[in-house]
Amino acid sequence: MNQEIRNKYEVVIGLEVHAQLQTESKIFAADSASFGAAPNTHISPITLGHPGTLPKLNRKAVEYAIKMGFAAGSKISEYQYFDRKNYFYPDLPKGYQITQDKTPICIGGGVKVKLSTGEKVVRFHHIHLEEDAGKSLHAEGSSDSLIDYNRAGTPLIEMVTEPEIKSSEEAAQFMTEVRKLVRYLHICDGNMEEGSLRCDVNISVMPVGSKVFGTKVEIKNMNSIRFIQKAIDYEVVRQIEAVEAGVKIIQETRNFDPATGRTSGMREKESMNDYRYFPEPDLVPLHISEDLISQVKTQMPALPWELFEKFTKTYGLPDYDAGVLTDSREVAEYFDATCQFTKNYKAASNWIMGTVKSYLNDNHLEIEQLTVTPERLAQLINLVDEGKVSTSTASQQIFPVMVTDTSASPLQIAEAKNLIQQSNTDTLQSLIDEVLAANPAKVKEYKNGKKGLLGMFMGDIMKKSKGSADPKVTTALLQKTLDSL
């Protein structure tokens, strides 16, 4: 698109992010909420809305929603009630969805995002609780639709932003931060491929400086941050080109095709009146007590930005290290725990981002599955700092043993494998004298200015010591010896 034309328009984006809450059971029934079961096995008369059944609210879902509100800086509503959102679709067994329309559990708040142009807080309008719908399955080559109701009734929070996101980059960074946040809180696994975190994207364009939003188009059920970016970029161009050509934008729901990178119309968007909201008569109003608020506050973990500040200010890490370590709560907590047993915080960071991460990646493990505890890793770091083993020896020969032998300390492993560095100057001097005596021509070249031969001498000394010579002490002693010849 011509940049001059693009610059005439302002993009307005709002996101509706759905996060499945990691409760054991559904929000209004005792059915399992776990993912991956055979179709229609996690259902009951309550999930299916049979006559005479009554829903009962899952307290844990309420607590999880409050956690998200705390993390976002939202106001927690004291009094709430649930509503029926009426619409007919094959994956909605009751013919309505129980949600919060007029009284969402969390009001306001927001999430800070880092952009190429700086930082910005994307504000929430509200966060509300609701139940998920089932899932329609379309077999290739068949005109039939199959319905799996396992997901129906799974607890959701829907996080609705203010319409103030201005680009696909901003939307992608926001989703990245939300995914990190729900994982930190342990309220949602953030798995977008499985649909446990997904979002609807609302997009419109308007002339720069206009106070009136353009017609909003919604792209449904986006389950990839990369696809969200692509869908927004395509839709912005489509809408601007339509407006420039005098074509009216209709309020509709559109689908995104990852294969083509294009959106296509699905159906015209319903207005709020079409849903015929009214209070859910089978659920009593919800009162959030001060006791519950206090209880949930005590369960709150340290949040990513709090740990980032601690790692940079208390531990003195570079921003890059702190950013990598705080990307995952479990990694951040492992690093923080390691720092309780060593003062070499940068070495701890290097080990976790290097050797530890490589081991986990190679073995398809998460850090929670690592058999090397933070205390034992710190012991290994301290062993290197004390000059007893080199970093390469620690990484290549001691750490692999620590993974399988969880009882032996790093020092015990080093002693058993004869890896303790030799720093006795008399012993080292003997090795140096042997190597130099065996290479008189090379010594002469060194004395004539070929200083690169120092590495060759060190290599021979390390071979003779079977890697046990302390490199730092040996190098200093070797240079002193050569200078005295």
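The following exchange concerns helix packing and strand pairing in a predicted model.

Biologist: At what angle do helix α9 and helix α10 pack, and how are they therefore oriented to each other?

Modeller: Helix α9 spans residues 345–362 and helix α10 spans residues 374–385, and their axes lie 11 Å apart. The angle between them is about 110 degrees. Angles of 65 to 115 degrees count as roughly perpendicular. The two helices, α9 and α10, are therefore roughly perpendicular to each other.

Biologist: Which residue classes make up the contact of α9 with α10?

Modeller: From α9, the residues Ala 347, Ala 348, Trp 351, Ile 352 and Val 356 take part. They meet Leu 377, Leu 380 and Ile 381 of α10. By class, polar and charged residues are absent from this contact, and the count is eight nonpolar.

Biologist: What is the handedness of the crossing of α8 and α9?

Modeller: Helix α8 covers residues 329–338, and its axis comes within 10 Å of that of α9. The two axes cross at roughly 145 degrees. The crossing of α8 and α9 is right-handed.

Biologist: How many nonpolar, polar and charged residues does the contact of α8 with α9 have?

Modeller: On the α8 side, the contact is made by Val 331, Tyr 334, Phe 335 and Thr 338. On the α9 side, the contact is made by Tyr 345, Ala 348, Ser 349 and Ile 352. The division by class is six nonpolar, two polar and no charged.

Biologist: Is α13 parallel or oblique to α16?

Modeller: Helix α13 (residues 425–438) and helix α16 (residues 471–484) have axes that come within 10 Å. These axes cross at roughly 55 degrees. That angle makes the relation of α13 to α16 oblique.

Biologist: How many charged residues are in the contact of α13 with α16?

Modeller: Helix α13 contributes Thr 425, Leu 428, Gln 429, Ile 432, Asp 433 and Leu 436, while α16 contributes Val 473, Thr 474, Leu 477, Leu 478, Thr 481 and Leu 482. Among these residues, seven are nonpolar and four are polar. Asp counts as charged. The number of charged residues is one.

Biologist: Which residue of β14 is the bridge partner of Glu 218, and what is the handedness of the crossover from β13 to β14?

Modeller: Strand β13 (residues 217–222) pairs with β12 (residues 197–207) in the antiparallel sense over four bridges, and Asn 202 stands opposite Glu 218. Two bridges join β13 to the parallel strand β14 (residues 252–257). In β14, the bridge partner of Glu 218 is Thr 253. The chain crosses from β13 to β14 through helix α4 (residues 225–244), and this β-α-β crossover is left-handed.

Technical notes
Residues are numbered from 1 along each chain as its sequence is written. This is a predicted model: local features need pLDDT of at least 70, side-chain atom pairs count only at pLDDT 80 or more; totals for chains, interfaces and linings use all residues. Side-chain values use heavy atoms; hydrogens and water are left out. Axes are lines fitted to C-alpha atoms, for helices over the stretch in contact, and angles run from 0 to 180 degrees between N-to-C directions. Angles under 35 degrees count as roughly parallel, over 145 as roughly antiparallel, 65 to 115 as roughly perpendicular and the rest as oblique. Contact means heavy atoms within 4.5 Å. Two strands pair if DSSP finds at least two bridges between them. A crossover is right-handed if, with the strands pointing away from the viewer, the path from the first strand over the helix to the second runs clockwise. A crossing is left-handed if the near helix is turned anticlockwise from the far one by less than a right angle, and right-handed if clockwise.
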